[in-house]
Amino acid sequence: MHPVFRSLRSRRWPAVLALGITSTTALAYVGGSPVAMTGAPGDASCAMCHTTHALNSGEGTLRFINAPYTYTPGQKHTFWVELEDVGLSRWGFQLTALDRSGHGLGSLSGGSEDSTQVIVAYGREYLDQRYLGSCGGEETGPVQWRVEWTAPPSGGGPVTFYVAGLTANNDAIAVGDYTYTGQWTADEGAAVPLADEEYLP
Ligand code: HEC
């Protein structure tokens, strides 16, 4: 046997194999989609790979719940993204917060590290479902993901939240699923003055 092949078989191969398995698990799309798929300017959407149904052609609903009309600079704002679709039973989303020029604005986090994650790419933050947050088996929904957005200091201007939602049939492949996109814009409001107590010793 060729010496290189033998050494691979005896020692290195199991290590390579183990690595392969780990990264496949980590990369499973159901546990977090590739970034830049929100439908925002410059982004594609989940329909790039989930191609069975054209974008926004399904009967499902993608909603923002409690999203702010105006935001307070420097403050955290909490709202929810909700998806509902009759008969569908696995769910995913990706959201980003952009300023007028399409640059990331403020910072995002989710309600729970088990169900969502933030990935930073192209000067934007993307909030995404994780495997547990894909709510497998939850038929029809509605399912919701909590979004926490911390506004930048004053002067950021309006923020637009772009979101894509995927309503999937829980078959563990990218077939038969529906993609929806939506957006919500909040104007910058007045900063809330610090309470006097803040300055007391
Ligand atoms: C680059 C291609 C690609 C893009 C883009 C993509 N996906 Fe997927 N997705 C897949 C593949 C392949 C699978 C099946 C295997 C897996 O989960 O890794 C999948 C599976 C899923 C599943 C489980 C489907 C089921 O029926 O069980 C969900 C949920 C999901 N993706 C969410 C999303 C969301 C949300 C987006 C957009 C924000 C997205 N995906 C964008 C390739 C993609």
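Two strands count as paired if DSSP finds at least two bridges between them. All views show a predicted model.

**View 1. Strands β3 and β8 pair within an open sheet of four strands.** β3 and β8 run antiparallel and are joined by eight bridges. In β8, V143 is the residue that stands opposite L83. The order of strands in the sheet is β1-β3-β8-β5, with antiparallel pairing. At the edges stand β1 (61-65) and β5 (107-110); each has a single partner strand, so one side of each lacks a neighbour in the sheet. On average, and with direction ignored, neighbouring strands of this sheet are turned by 25° against each other.

**View 2. Strand β4 is mostly covered and pairs with β9 and with β7.** Nine of the nine residues of β4 are buried. One side of the strand carries R90, G92, Q94, T96 and L98, the other W91, F93, L95 and A97, and both faces are covered. The pairing of β4 with β9 is antiparallel and extends over nine bridges; here L95 stands opposite V163 of β9. β4 also runs antiparallel to β7, to which two bridges join it. In that pairing, Q94 of the view stands opposite D128 in β7.

**View 3. The largest nonpolar core has 33 residues.** F93, L95, A97, V147 and V163 have the most contacts inside this core. At least two core residues come from each of β3 (76-84), β4, β7 (124-129), β8 (143-150), β9 and β10 (178-188). β9 gives the most, with seven residues. In soluble globular proteins, nonpolar side chains tend to be buried together.

**View 4. The surroundings of A97 are shown without its neighbours within four places in sequence.** With those set aside, A97 is in contact with G104, L105, G106 and L108, and also with E125, W149, V159 and F161. A97 is buried, on the side of β4 that also holds W91, F93 and L95. A97 is also among the residues with the most contacts inside the largest nonpolar core.

**View 5. The ligand has 26 residues around it.** Y29, C46, C49, G92 and A168 come nearest to the ligand. The elements that give two or more residues to this shell are β4 (90-98) and β9 (159-168). β4 provides the largest share, five residues. By class, the shell divides into 16 nonpolar, seven polar and three charged residues. G92, one of the nearest residues, is buried on the side of β4 that also carries R90, Q94, T96 and L98.

**View 6. The loop between β7 and β8 contains T140 and P142.** The peptide bond from G141 to P142 is cis, with omega near 5°. T140 is not a glycine, yet its phi is positive, about 75°. T140 has 13 C-beta neighbours inside 10 Å and therefore counts as partly exposed. Most residues other than glycine have a negative phi, and most peptide bonds are trans.

**View 7. A36 lies in the loop between α1 (3-27) and β1.** A36 has a positive phi, near 65°, and is a residue other than glycine. Buried or partly exposed: which applies to A36? A residue is buried if 20 or more other C-beta atoms lie within 10 Å of its own. A36 has 19 such neighbours, so it counts as partly exposed.

Notes:
Residues numbered from 1 in each chain as written. Predicted model: local features only at pLDDT ≥ 70, side-chain atom pairs only at ≥ 80, totals over all residues. Near = placed C-beta within 6 Å. Nonpolar A, V, L, I, M, F, W, Y, C, P; charged D, E, K, R; others polar. Core = buried A, V, L, I, M, F, W, Y, C linked by C-beta atoms within 7 Å. Buried ≥ 20, exposed ≤ 12 C-beta atoms within 10 Å, placed from the backbone. Contact = placed C-beta atoms within 7 Å. Axes fitted to C-alpha atoms, helices over the stretch in contact; angles between N-to-C directions.
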